[in-house]
Amino acid sequence: MITLYHCMSARSFRPLWTLEALGLPYALKMLPFPPRARARDFLVINPLGTVPALLDGEMLMTESAAICQYLATRDGASSLSIAPGEPQYGPFLNWLHFGEATLTFPQTIVLRYGRFEPAERRLPQAETDYRKWFLARLRGLEPALAANPYLCGAQLTVADISVGYALMLADYLGLSGQFSPAVSAYWQRLQAGEAYQRALAAQTQAAQAQGVSETPAPLSD
Ligand SMILES: N[C@@H](CCC(=O)N[C@@H](CS)C(=O)NCC(=O)O)C(=O)O
């Protein structure tokens, strides 16, 4: 049995989107944000206090990109993965990690020093610099998107889900107005996908059923 611990629209949205795209059965446990402070019991599951945490039986994973790769290959090859030996295998892994390591990392600085820290600890210069860093790194997507609708070709893979979450977060940070036309069109395409829409609906329904705030984590106080 797969259990995903999730906060509204946090990085755990990546595995949620993947689970919906694969049609795998799962239990969704909603947590208030940040769980480290607001759901202390969760530290028994994940001592880091971060989401995602995914349990597959007793096996625990806590890195969103790795979880997506695991799910997409868990039962053999799936439409969301690219197999070793295929020409797009290297780019596939590169985009999968680019989504978290290169794109989401600078946004966490923007969030932390522009929003989450108390006023006296905010760092406007860091916020501004890392906004620019993020937008500049998006340029890396242009050649792939000029060639294909998705990063690795004609179909959605977990590489798109990894990068797609960074675009979702950018939307919450008010940065999507500065996307290039190609990135903007790609983001629209991702949002129109059925699995993305099902994942949005699943988190809302689970939050309501479990009495957890529906405020997206990036906008929480
Ligand atoms: N590299 C990890 C980062 C996990 C992470 O930092 N998650 C955030 C939510 S987006 C979190 O739980 N923050 C709460 C905290 O740091 O206390 C991943 O990709 O899953």
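Me: What makes the pair between glutamate 100 and the ligand a polar contact?
Reply: A polar side-chain atom of glutamate 100 lies 3.0 Å from a nitrogen atom of the ligand. A polar contact is a pair of N or O atoms within 3.5 Å. The pair therefore counts as one.

Me: What kind of model is this, and how are residues numbered?
Reply: The model is predicted: local features need pLDDT of at least 70, side-chain atom pairs count only at pLDDT 80 or more, and totals for chains, interfaces and linings use all residues. Residues are numbered from 1 along each chain as its sequence is written, and side-chain values use heavy atoms, with hydrogens and water left out.

Me: Which atoms of arginine 36 and valine 51 face the ligand?
Reply: Arginine 36 uses a polar side-chain atom, 2.6 Å from an oxygen atom of the ligand. Valine 51 uses a polar backbone atom, 2.8 Å from a nitrogen atom of the ligand.

Me: Which residues are around the ligand?
Reply: Ala10, Arg11, Phe33, Arg36, Thr50, Val51, Pro52, Thr62, Glu63, Ser64 and Glu100. Each has a heavy atom within 4 Å of the ligand.

Me: What is the geometry of the peptide bonds before proline 34 and proline 52?
Reply: The bond from phenylalanine 33 to proline 34 is cis, with omega about -5°. The bond from valine 51 to proline 52 is also cis, with omega near 5°. Proline 34 sits in the loop between strand 2 and helix 2 (35-38). Proline 52 is in the loop between helix 2 and strand 3.

Me: Why is the phi of serine 9 worth a note?
Reply: Most residues other than glycine have a negative phi. Serine 9 is not a glycine, yet its phi is positive, about 55°. Serine 9 lies in the loop between strand 1 and helix 1.

Me: Why are helix 7 and helix 8 called roughly perpendicular or otherwise?
Reply: The axes of helix 7 (residues 158-172) and helix 8 (residues 181-192) cross at roughly 105° and come within 10 Å. Angles of 65 to 115 degrees count as roughly perpendicular, so helix 7 is roughly perpendicular to helix 8. Helix 7 brings Asp160, Val163, Gly164, Leu167, Met168 and Asp171 to the contact, and helix 8 brings Val183, Tyr186, Trp187, Leu190 and Gln191. By class, that contact has 7 nonpolar, 2 polar and 2 charged residues.

Me: How do helix 3 and helix 4 pack?
Reply: Helix 3 (residues 64-73) and helix 4 (residues 89-116) pack at an angle of about 145°, with axes 9 Å apart. Ser64, Ala65 and Gln69 of helix 3 meet Leu93, Leu96, His97 and Glu100 of helix 4. The classes are 3 nonpolar, 3 polar and 1 charged.

Me: What makes strand 2 and strand 4 the edge strands?
Reply: The open sheet has 4 strands in the order 2-1-3-4, with mixed pairing. Strand 2 (27-30) and strand 4 (59-61) each pair on one side only, at the edges. Two strands pair if DSSP finds at least two bridges between them.

Me: How do you know that strand 3 pairs with strand 4?
Reply: 3 bridges join strand 3 (residues 53-56) to strand 4. The threshold is at least two, so they pair. The two run antiparallel. Leucine 54 stands opposite methionine 61 in strand 4.

Me: Where does helix 1 lie?
Reply: Helix 1 (residues 13-22) lies across strand 1 (2-6) and strand 2, at about 145° to strand 1. Helix 9 (residues 194-210) packs on the sheet too, touching strand 1 and strand 2. The direction of helix 9 makes about 60° with that of strand 2.

How values were computed: Contact = heavy atoms within 4.5 Å. Axes fitted to C-alpha atoms, helices over the stretch in contact; angles between N-to-C directions. Parallel < 35°, antiparallel > 145°, perpendicular 65-115°, else oblique. Nonpolar A, V, L, I, M, F, W, Y, C, P; charged D, E, K, R; others polar. Polar contact = N/O pair within 3.5 Å; in protein donor to acceptor, adjacent residues only side chain to side chain.
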